[in-house]
Amino acid sequence: DYRREPSRPSPPIDYFDVFKESKEQNFYESQESVIALCTYLQQLIKTIEDLDENQLKDEFFKLLQISLWGNKCDLSLSGGENSSQKTDVLNSLEDLKPFILLNDMEHLWSLLSNCKKTREKASVTRVYIVLNNSGFELVTDLILANFLLSSELATEVHFYGKTIPWFVSDTTIHDFNWLIEQVKHGNHKWMSKCGADWEEYVKMGKWVYHDRIFWTLPHEFCAMPQVAPDLYAELQKAHLILFKGDLNYRKLTGDRKWEFSVPFHQALNGFHPTPLCSVRTLKAEIQVGLKPGQGEQLMASEPCWWTSGKYGIFQYDGPL
(Lines give C-alpha, C1' and ligand atoms only; values in the text may rest on other atoms or scores of the structure.)
Protein backbone atom coordinates (compact mmCIF):
# COMPACT_ATOMS: atom_id res chain seq x y z
CA ASP A 1 0.00 0.00 0.00
CA TYR A 2 1.34 3.46 -0.80
CA ARG A 3 0.95 6.69 1.03
CA ARG A 4 0.12 9.80 -0.89
CA GLU A 5 2.41 12.76 -0.56
CA PRO A 6 0.52 15.71 0.93
CA SER A 7 -0.30 17.77 -2.12
CA ARG A 8 1.32 21.18 -2.41
CA PRO A 9 -0.67 23.87 -4.10
CA SER A 10 1.11 24.70 -7.34
CA PRO A 11 1.45 28.37 -8.24
CA PRO A 12 -0.87 29.59 -10.97
CA ILE A 13 0.74 29.09 -14.37
CA ASP A 14 0.38 32.77 -15.28
CA TYR A 15 3.02 33.65 -12.66
CA PHE A 16 5.55 31.33 -14.19
CA ASP A 17 8.06 33.13 -16.40
CA VAL A 18 9.97 30.68 -18.56
CA PHE A 19 12.25 33.55 -19.66
CA LYS A 20 13.14 34.68 -16.12
CA GLU A 21 16.66 33.25 -16.04
CA SER A 22 17.75 34.64 -19.39
CA LYS A 23 16.30 38.07 -18.54
CA GLU A 24 18.17 38.18 -15.25
CA GLN A 25 21.37 36.92 -16.84
CA ASN A 26 21.10 39.67 -19.46
CA PHE A 27 20.97 42.22 -16.66
CA TYR A 28 23.87 40.75 -14.65
CA GLU A 29 26.11 40.48 -17.70
CA SER A 30 25.47 44.12 -18.56
CA GLN A 31 26.61 45.36 -15.14
CA GLU A 32 29.53 47.43 -16.41
CA SER A 33 27.35 49.30 -18.88
CA VAL A 34 24.65 49.79 -16.25
CA ILE A 35 27.21 51.30 -13.86
CA ALA A 36 28.58 53.56 -16.64
CA LEU A 37 25.08 54.83 -17.46
CA CYS A 38 24.06 55.36 -13.83
CA THR A 39 27.31 57.25 -13.17
CA TYR A 40 26.78 59.39 -16.25
CA LEU A 41 23.21 60.19 -15.25
CA GLN A 42 24.07 61.10 -11.66
CA GLN A 43 26.89 63.43 -12.77
CA LEU A 44 24.53 65.01 -15.30
CA ILE A 45 21.81 65.62 -12.69
CA LYS A 46 24.32 67.43 -10.48
CA THR A 47 24.90 70.08 -13.16
CA ILE A 48 21.51 70.01 -14.87
CA GLU A 49 20.51 73.42 -13.44
CA ASP A 50 23.51 75.03 -15.14
CA LEU A 51 22.89 73.68 -18.63
CA ASP A 52 21.68 76.07 -21.30
CA GLU A 53 18.92 75.06 -23.70
CA ASN A 54 21.28 73.62 -26.31
CA GLN A 55 23.24 71.58 -23.80
CA LEU A 56 20.02 70.20 -22.33
CA LYS A 57 18.84 69.26 -25.81
CA ASP A 58 22.15 67.48 -26.51
CA GLU A 59 21.77 65.44 -23.33
CA PHE A 60 18.17 64.60 -24.21
CA PHE A 61 19.29 63.38 -27.64
CA LYS A 62 22.10 61.36 -26.08
CA LEU A 63 19.77 59.54 -23.67
CA LEU A 64 17.20 58.93 -26.41
CA GLN A 65 19.90 57.27 -28.51
CA ILE A 66 21.00 55.16 -25.55
CA SER A 67 17.41 53.98 -25.19
CA LEU A 68 17.31 53.24 -28.94
CA TRP A 69 20.50 51.16 -28.99
CA GLY A 70 19.51 49.48 -25.73
CA ASN A 71 16.88 47.84 -27.93
CA LYS A 72 19.64 45.86 -29.69
CA CYS A 73 19.98 43.60 -26.63
CA ASP A 74 17.10 41.45 -27.60
CA LEU A 75 16.99 37.78 -26.67
CA SER A 76 14.71 36.97 -29.59
CA LEU A 77 17.27 38.28 -32.09
CA SER A 78 20.06 36.26 -30.50
CA GLY A 79 17.95 33.10 -30.25
CA GLY A 80 18.43 33.20 -26.48
CA GLU A 81 22.21 33.39 -26.86
CA ASN A 82 24.12 35.99 -24.87
CA SER A 83 22.61 39.36 -25.68
CA SER A 84 24.02 41.42 -22.86
CA GLN A 85 25.54 44.84 -23.31
CA LYS A 86 29.29 44.50 -22.92
CA THR A 87 30.45 47.63 -24.70
CA ASP A 88 29.99 51.08 -23.28
CA VAL A 89 27.10 52.51 -25.31
CA LEU A 90 27.93 56.08 -24.32
CA ASN A 91 31.19 56.01 -26.22
CA SER A 92 29.72 54.40 -29.32
CA LEU A 93 26.95 56.96 -29.94
CA GLU A 94 28.89 58.98 -32.53
CA ASP A 95 29.81 55.82 -34.47
CA LEU A 96 26.20 54.64 -34.41
CA LYS A 97 24.68 57.92 -35.67
CA PRO A 98 24.95 57.04 -39.39
CA PHE A 99 22.77 53.97 -38.72
CA ILE A 100 19.76 56.05 -37.64
CA LEU A 101 17.66 55.90 -40.82
CA LEU A 102 14.93 58.25 -39.61
CA ASN A 103 15.69 60.79 -36.97
CA ASP A 104 12.74 62.76 -35.59
CA MET A 105 14.40 63.60 -32.26
CA GLU A 106 14.03 67.33 -33.03
CA HIS A 107 10.22 66.95 -32.99
CA LEU A 108 10.36 65.29 -29.58
CA TRP A 109 12.52 68.08 -28.23
CA SER A 110 10.34 70.90 -29.55
CA LEU A 111 7.19 69.18 -28.24
CA LEU A 112 8.51 68.59 -24.70
CA SER A 113 10.49 71.80 -24.33
CA ASN A 114 7.38 73.67 -25.45
CA CYS A 115 5.29 71.84 -22.82
CA LYS A 116 7.87 72.79 -20.21
CA LYS A 117 7.86 76.49 -21.20
CA THR A 118 4.08 76.84 -21.31
CA ARG A 119 3.28 74.67 -18.28
CA GLU A 120 1.40 76.36 -15.46
CA LYS A 121 2.58 75.76 -11.89
CA ALA A 122 0.25 72.90 -11.01
CA SER A 123 -0.18 71.30 -14.43
CA VAL A 124 1.45 68.09 -15.64
CA THR A 125 3.37 66.87 -18.66
CA ARG A 126 2.96 63.13 -19.13
CA VAL A 127 5.26 60.96 -21.20
CA TYR A 128 4.20 57.34 -21.67
CA ILE A 129 6.69 54.62 -22.58
CA VAL A 130 5.28 51.40 -24.03
CA LEU A 131 8.05 49.07 -22.94
CA ASN A 132 9.81 46.33 -24.81
CA ASN A 133 12.62 44.19 -23.30
CA SER A 134 13.53 43.93 -19.66
CA GLY A 135 17.18 43.71 -18.64
CA PHE A 136 19.58 46.22 -20.18
CA GLU A 137 17.01 47.85 -22.47
CA LEU A 138 14.74 48.56 -19.51
CA VAL A 139 17.67 50.19 -17.68
CA THR A 140 18.14 52.56 -20.65
CA ASP A 141 14.41 53.39 -20.60
CA LEU A 142 14.50 54.15 -16.87
CA ILE A 143 17.62 56.32 -17.30
CA LEU A 144 15.74 58.29 -19.97
CA ALA A 145 12.65 58.52 -17.74
CA ASN A 146 14.79 59.76 -14.85
CA PHE A 147 16.30 62.44 -17.10
CA LEU A 148 12.82 63.55 -18.24
CA LEU A 149 11.86 64.25 -14.62
CA SER A 150 15.21 65.81 -13.62
CA SER A 151 15.18 68.15 -16.64
CA GLU A 152 11.48 68.91 -16.05
CA LEU A 153 10.72 67.93 -19.66
CA ALA A 154 8.07 65.72 -18.01
CA THR A 155 6.41 65.70 -14.60
CA GLU A 156 5.13 62.10 -14.82
CA VAL A 157 6.29 59.05 -16.73
CA HIS A 158 3.90 56.15 -17.23
CA PHE A 159 5.20 52.73 -18.26
CA TYR A 160 3.17 50.06 -20.03
CA GLY A 161 4.41 46.48 -19.71
CA LYS A 162 2.98 43.04 -20.39
CA THR A 163 0.47 41.29 -18.10
CA ILE A 164 2.10 37.90 -18.78
CA PRO A 165 5.57 36.68 -19.84
CA TRP A 166 4.98 36.94 -23.55
CA PHE A 167 7.68 37.58 -26.13
CA VAL A 168 10.99 36.21 -24.80
CA SER A 169 12.38 39.21 -22.91
CA ASP A 170 9.31 41.47 -22.64
CA THR A 171 8.93 43.45 -19.42
CA THR A 172 6.35 42.41 -16.80
CA ILE A 173 5.63 44.10 -13.46
CA HIS A 174 7.88 41.50 -11.81
CA ASP A 175 10.78 42.45 -14.11
CA PHE A 176 10.18 46.16 -13.51
CA ASN A 177 10.22 45.85 -9.72
CA TRP A 178 13.04 43.29 -9.73
CA LEU A 179 15.26 45.53 -11.82
CA ILE A 180 14.74 48.61 -9.65
CA GLU A 181 15.55 46.46 -6.60
CA GLN A 182 18.74 45.09 -8.22
CA VAL A 183 19.93 48.56 -9.20
CA LYS A 184 19.18 49.85 -5.71
CA HIS A 185 21.28 47.08 -4.13
CA GLY A 186 24.05 47.37 -6.73
CA ASN A 187 27.54 47.58 -5.25
CA HIS A 188 28.30 50.92 -6.83
CA LYS A 189 27.24 54.22 -5.25
CA TRP A 190 25.79 55.85 -8.37
CA MET A 191 24.01 52.69 -9.39
CA SER A 192 22.37 52.27 -5.98
CA LYS A 193 21.52 55.99 -5.93
CA CYS A 194 19.61 55.53 -9.21
CA GLY A 195 17.73 52.53 -7.79
CA ALA A 196 16.79 54.45 -4.62
CA ASP A 197 15.57 57.42 -6.70
CA TRP A 198 13.54 55.15 -8.95
CA GLU A 199 11.88 53.46 -5.99
CA GLU A 200 11.02 56.93 -4.68
CA TYR A 201 9.53 58.01 -8.04
CA VAL A 202 7.25 54.96 -7.95
CA LYS A 203 6.19 55.69 -4.35
CA MET A 204 5.48 59.34 -5.15
CA GLY A 205 3.45 58.45 -8.24
CA LYS A 206 5.83 60.28 -10.59
CA TRP A 207 6.47 56.92 -12.22
CA VAL A 208 3.43 54.74 -12.78
CA TYR A 209 3.50 51.19 -14.12
CA HIS A 210 0.41 49.82 -15.89
CA ASP A 211 -0.33 46.46 -17.37
CA ARG A 212 -3.17 46.03 -19.78
CA ILE A 213 -4.15 42.76 -21.42
CA PHE A 214 -4.55 44.56 -24.76
CA TRP A 215 -0.77 44.62 -25.30
CA THR A 216 -0.67 40.80 -25.43
CA LEU A 217 -3.73 40.35 -27.62
CA PRO A 218 -3.39 39.79 -31.39
CA HIS A 219 -4.85 43.17 -32.37
CA GLU A 220 -3.02 45.84 -34.26
CA PHE A 221 -3.12 49.17 -32.45
CA CYS A 222 -5.63 50.81 -34.80
CA ALA A 223 -8.23 48.39 -33.34
CA MET A 224 -7.69 49.84 -29.85
CA PRO A 225 -10.56 52.40 -29.90
CA GLN A 226 -12.98 49.50 -30.54
CA VAL A 227 -11.32 46.72 -28.54
CA ALA A 228 -9.97 48.70 -25.57
CA PRO A 229 -11.61 52.14 -25.60
CA ASP A 230 -10.62 52.81 -21.98
CA LEU A 231 -6.93 52.24 -22.81
CA TYR A 232 -7.21 54.49 -25.87
CA ALA A 233 -8.77 57.21 -23.69
CA GLU A 234 -5.88 56.77 -21.23
CA LEU A 235 -3.29 57.17 -24.00
CA GLN A 236 -5.01 60.38 -25.13
CA LYS A 237 -4.01 61.96 -21.79
CA ALA A 238 -0.30 61.69 -22.67
CA HIS A 239 1.64 64.56 -24.20
CA LEU A 240 3.90 62.04 -25.92
CA ILE A 241 4.04 58.24 -26.21
CA LEU A 242 7.29 56.42 -26.97
CA PHE A 243 6.75 52.94 -28.42
CA LYS A 244 9.87 50.87 -27.83
CA GLY A 245 11.01 48.06 -30.08
CA ASP A 246 10.08 46.06 -33.08
CA LEU A 247 6.90 44.30 -32.08
CA ASN A 248 5.25 47.60 -31.16
CA TYR A 249 6.23 48.94 -34.59
CA ARG A 250 4.66 45.94 -36.28
CA LYS A 251 1.45 46.49 -34.34
CA LEU A 252 1.48 50.24 -35.03
CA THR A 253 1.70 49.59 -38.77
CA GLY A 254 -0.56 46.53 -38.82
CA ASP A 255 2.40 44.35 -39.92
CA ARG A 256 1.46 44.89 -43.55
CA LYS A 257 3.68 44.74 -46.60
CA TRP A 258 3.82 48.50 -47.02
CA GLU A 259 5.91 50.24 -49.65
CA PHE A 260 8.96 51.79 -47.96
CA SER A 261 7.89 55.32 -48.83
CA VAL A 262 4.31 55.13 -47.46
CA PRO A 263 3.96 57.91 -44.83
CA PHE A 264 4.01 56.70 -41.21
CA HIS A 265 0.78 58.63 -40.51
CA GLN A 266 -0.99 56.61 -43.21
CA ALA A 267 0.42 53.27 -42.03
CA LEU A 268 -0.93 53.98 -38.52
CA ASN A 269 -4.35 53.51 -40.06
CA GLY A 270 -6.23 55.97 -37.83
CA PHE A 271 -4.31 55.25 -34.62
CA HIS A 272 -3.59 58.80 -33.44
CA PRO A 273 -4.30 59.02 -29.70
CA THR A 274 -1.68 61.75 -29.16
CA PRO A 275 1.80 62.58 -30.54
CA LEU A 276 3.79 59.36 -30.65
CA CYS A 277 7.20 58.10 -31.66
CA SER A 278 8.53 54.66 -32.52
CA VAL A 279 12.00 54.04 -31.06
CA ARG A 280 13.29 50.79 -32.56
CA THR A 281 16.22 48.97 -34.04
CA LEU A 282 15.04 47.16 -37.17
CA LYS A 283 14.56 43.42 -36.75
CA ALA A 284 11.42 42.76 -38.80
CA GLU A 285 10.63 43.08 -42.49
CA ILE A 286 8.64 46.27 -42.25
CA GLN A 287 9.60 49.91 -42.54
CA VAL A 288 7.63 52.90 -43.76
CA GLY A 289 8.27 56.62 -44.13
CA LEU A 290 11.58 56.33 -45.98
CA LYS A 291 12.63 58.67 -48.80
CA PRO A 292 11.71 57.41 -52.28
CA GLY A 293 14.28 54.81 -53.34
CA GLN A 294 16.00 54.66 -49.93
CA GLY A 295 14.68 51.22 -48.97
CA GLU A 296 15.41 49.76 -52.42
CA GLN A 297 18.94 51.15 -52.31
CA LEU A 298 19.58 49.57 -48.92
CA MET A 299 18.10 46.31 -50.16
CA ALA A 300 20.51 46.20 -53.08
CA SER A 301 23.60 46.77 -50.95
CA GLU A 302 22.54 44.99 -47.73
CA PRO A 303 19.69 42.49 -48.07
CA CYS A 304 19.45 42.04 -44.28
CA TRP A 305 19.33 45.78 -43.48
CA TRP A 306 15.82 45.60 -42.05
CA THR A 307 16.24 42.52 -39.85
CA SER A 308 19.78 42.67 -38.47
CA GLY A 309 19.21 45.20 -35.67
CA LYS A 310 22.01 47.33 -37.18
CA TYR A 311 19.77 50.26 -38.11
CA GLY A 312 17.50 52.32 -35.89
CA ILE A 313 14.71 54.90 -36.16
CA PHE A 314 13.02 57.68 -34.23
CA GLN A 315 9.80 57.97 -36.21
CA TYR A 316 7.35 60.61 -35.05
CA ASP A 317 3.68 61.12 -35.77
CA GLY A 318 1.82 64.16 -34.52
CA PRO A 319 1.33 67.84 -35.14
CA LEU A 320 4.58 69.60 -36.00
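**Entry 1: the cut-off**

I count a residue as buried when its relative accessible area is under 20%. I start there because I lean on that number throughout, and over 50% is what I call exposed. Note to self: the model is predicted.

My first lookup with it was the pair Lys 162 and Asp 170. Their side chains meet in a salt bridge, with N to O at 3.5 Å. Are the two partners buried or exposed? Lys 162 and Asp 170 both come out buried.

**Entry 2: more salt bridges**

I then ran the search over the whole structure, and it returned 19 salt bridges.

I looked up Lys 244 and Asp 141 next. Their side chains form a salt bridge at 2.5 Å, N to O. This pair ties together distant parts of the chain: Lys 244 belongs to strand β5 (residues 240-244) and Asp 141 to helix α6, 103 residues apart. What relative accessibility does Lys 244 have? I get 1% for Lys 244, so I file that residue as buried. Asp 141 also has 1% relative accessibility, so buried goes next to its name too.

Lys 20 and Glu 24 make another bridge, with the closest N and O atoms 3.3 Å apart. Both sit in helix α1 (residues 20-29), and being four residues apart there, they are separated by about one helical turn. How accessible is Lys 20? Its relative accessible area is 36%, so I put Lys 20 down as partly exposed. Glu 24 has 15% relative accessibility, so that partner counts as buried.

I also jotted down a network: salt bridges link Asp 17, Lys 23 and Asp 175.

**Entry 3: rings**

Aromatics now. I count 27 aromatic pairs. I picked out Phe 159 and Phe 176: their ring centres are 5.2 Å apart and their planes lie at 50°, so I log the pair as tilted. This one spans distant parts of the chain as well, with Phe 159 in strand β3 (residues 156-161) and Phe 176 in helix α7 (residues 173-184), 17 residues apart. Phe 159 and Phe 176 are both buried.

Which ring turns up as a partner of Phe 176 in the tilted pair with planes at 45°? It's Tyr 209: the ring centres are 4.9 Å apart with the planes at 45°, so this pair is tilted. Again distant parts of the chain are linked, from Phe 176 in helix α7 to Tyr 209 in strand β4 (residues 207-211), 33 residues apart. Tyr 209 is buried, just as Phe 176 is.

I found a ring cluster too. Ring pairs join Tyr 128, Tyr 160, Phe 214, Trp 215, Phe 221, Tyr 232, Phe 243 and Phe 271.

**Entry 4: the faces of α4**

Last lookup: helix α4, residues 89-96. Which of its residues are buried? My list reads Val 89, Leu 90, Ser 92, Leu 93 and Leu 96. Why do I say they line one face of the helix? Looking down the axis of α4, I see the buried residues fall within an arc of 155°, so one face it is. The other side of α4 has Asn 91, Glu 94 and Asp 95, which are exposed.

I then checked what the buried residues of α4 pack against. The partners are helices α2 (31-47), α3 (53-70) and α6 (136-150), along with strand β1 (100-103). α6 was already in my notes, as the helix that holds Asp 141.

Technical notes:
Residues are numbered from 1 along each chain as its sequence is written. This is a predicted model: local features need pLDDT of at least 70, side-chain atom pairs count only at pLDDT 80 or more; totals for chains, interfaces and linings use all residues. Side-chain values use heavy atoms; hydrogens and water are left out. Buried means under 20% relative accessible area, exposed over 50%, partly exposed in between (1.4 Å probe, protein chains only). Helices (H or I, at least four residues) and strands (E, at least two) are DSSP runs, numbered from the N terminus. The arc is that of the directions from the helix axis to the C-beta atoms. Contact means heavy atoms within 4.5 Å. Rings of Phe, Tyr and Trp (its six-membered ring) pair if their centres lie within 6.5 Å; planes under 30 degrees apart count as stacked, over 60 as edge-to-face and the rest as tilted. A salt bridge is a side-chain nitrogen of Lys or Arg within 4 Å of a carboxyl oxygen of Asp or Glu.
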